[in-house]
Every structure is written in C-alpha cells, then in structure tokens.
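The following exercises ask for a reading of strand pairing, sheet order, core and overall dimensions. Each task is followed by a worked solution.

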Amino acid sequence: MVTPKTQIEQDDIITIKIKASTQEPYQKEISCEISLRIQRVLANSYEIEDVANRNYFILKMINTHDTAGNVSLQFDPNVVRIDLNDEAYINRVENTEEVNSDGYVEKFTFTMDKESAQNIKFYKVDMSQDYTYPSSDEECIISVNAEE
C-alpha cells in the first residue's frame, strides 16, 4: 500500500520505486520502478480487451458509485464461456446461475464493490474471433446489467 504525500490530480504520473533485499543465505537485491497515470472515470463502464487467435478475452468493469451493487452477466455459451475459476463467478450471488441444456453457464449475478474495478475472464469457442468492445457498430458479446 502506498500513501501519497500530496494530493494526486487527474493525468498525474506517479512513479513508485520498489526494492527487495536479502542478507542470508546470500546477499542479493532487486528493484524496479512502476509508473502509473491517474485517470478519472465518471460513470460505470465496461469494455472487452481481446485479440484474434487468443483463446480468451477479458471483460473489464468499473463501478464508480459509492455503493456496492449487483451485476448480471448473460452470454451465449455456444460462443463464449465464463472461466469457472474467475473470482466474480466463484463469489456469485447464490441461486442466480442459469445453465443451458448442455450444462454450460449462460447467466449469473455477482456483487461488485463500491469504487472498484473487476477483470473477468471468458474463453472463446472460436478463438479466431475478436470480441473487442467497444469497436465499430457491433454489440457487446456479453449483456451487462447493473442493478442499483
């Protein structure tokens, strides 16, 4: 956890230096610098980060509200499938999961914490597809419904 010494403004670039060392059984030191640009997101949003010929994509979601809320995700499991090890799926709201006749999940609801971000992994049935969203006029492959 890093606590800033001064107020951070939008578009500021913050550089964090990290160093780790050991003395026994041998002496070694490693270090790195991480630079972060501060962005302000004014509304809840979601996007899909994807490329063709990769077997998965990431649904990136942001909750800017100061309260937690439930989010329902619905999708066609003949096209994409939720990673059953994803935190959002594992911690889904009880009894909100819907499965199709083949036993694949096609809808579930999870609670998204206030002022948080969530990255959810889905696998593509046809990895040659690129489901990047937003992109051109295409609709999102995942139906996202936030409940207040």
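**Exercise 1.** Determine how S4 and S9 are joined, and name the bridge partner of tyrosine 56.

Solution. The model is a predicted one.
Step 1: S4 and S9 run antiparallel and are joined by eight bridges.
Step 2: Tyrosine 56 has tyrosine 123 of S9 as its bridge partner.

**Exercise 2.** Establish the strand order of the open sheet that contains S4 and S9, and explain which strands stand at its edges.

Solution.
Step 1: The sheet is built from four strands in the order S3-S4-S9-S6, with antiparallel pairing.
Step 2: S3 (45–49) and S6 each have a single partner strand, so they stand at the edges and one side of each lacks a neighbour in the sheet.
Step 3: Ignoring direction, neighbouring strands in this sheet are turned against each other by 30° on average.

**Exercise 3.** Carry out the corresponding analysis for the open sheet that contains S5 and S8.

Solution.
Step 1: Four strands form this open sheet, ordered S7-S8-S5-S10 and paired in antiparallel fashion.
Step 2: The edges are taken by S7 and S10 (143–147); each has a single partner strand, so one side of each is left without a neighbour in the sheet.
Step 3: The pairings can now be listed with their bridges.

- S7 (residues 98–99) and S8 are antiparallel over two bridges, with valine 99 opposite valine 105 in S8.
- S5 and S8 run antiparallel and share six bridges; leucine 73 has phenylalanine 108 in S8 as its bridge partner.
- S5 and S10 are antiparallel over five bridges, and asparagine 70 has glutamate 147 in S10 as its bridge partner.

Step 4: The hairpin of S7 and S8 has five residues between the strands, and glycine 103 adopts a positive phi near 90° in this hairpin.

**Exercise 4.** Identify the residues that touch the most other members of the largest nonpolar core, and state which elements supply this core.

Solution.
Step 1: The core holds 21 residues, and Leu73, Phe122 and Ile142 touch the most other members.
Step 2: At least two core residues come from each of S4 (56–63), S5 (69–74), S6 (80–82), H1 (87–90), S8 (105–112) and S9 (116–124).
Step 3: The largest contribution is that of S8, with four residues.
Step 4: For phenylalanine 122, neighbours within four places in sequence are set aside; its contacts are then Asn55, Tyr56, Phe57, Leu59, Leu73, Phe75, Val80, Arg81, Ile82, Asp83 and Ile142. Leu73 and Ile142, named in Step 1, are thus included among these contacts.

**Exercise 5.** State how many helices and strands the protein chain has, and set its radius of gyration against that of a compact globule.

Solution.
Step 1: The protein chain has one helix and ten strands, arranged from the N terminus as β-β-β-β-β-β-α-β-β-β-β.
Step 2: The radius of gyration is 20 Å, whereas a compact globule of 148 residues would have a value near 15 Å.
Step 3: The C-alpha trace spans about 60 × 40 × 35 Å along its principal axes.
Step 4: Of the 148 residues, 24% are buried, the criterion being under 20% relative accessible area.
Step 5: The chain exposes about 10800 Å², of which carbon and sulfur atoms supply 44%.
Step 6: Among contacts between residues at least 6 apart in sequence, 63% join residues at least 24 apart.

Terms used:
Residues are numbered from 1 along each chain as its sequence is written. This is a predicted model: local features need pLDDT of at least 70, side-chain atom pairs count only at pLDDT 80 or more; totals for chains, interfaces and linings use all residues. Side-chain values use heavy atoms; hydrogens and water are left out. A nonpolar core is a set of buried Ala, Val, Leu, Ile, Met, Phe, Trp, Tyr and Cys residues joined through side-chain atoms within 4.5 Å. Buried means under 20% relative accessible area, exposed over 50%, partly exposed in between (1.4 Å probe, protein chains only). Contact means heavy atoms within 4.5 Å. Two strands pair if DSSP finds at least two bridges between them. Axes are lines fitted to C-alpha atoms, for helices over the stretch in contact, and angles run from 0 to 180 degrees between N-to-C directions. The radius of gyration is taken over C-alpha atoms; the globule rule is 2.2 Å times the number of residues to the power 0.38. Accessible areas come from the Shrake-Rupley method with a 1.4 Å probe; for residues, only the protein chains shown count as cover.
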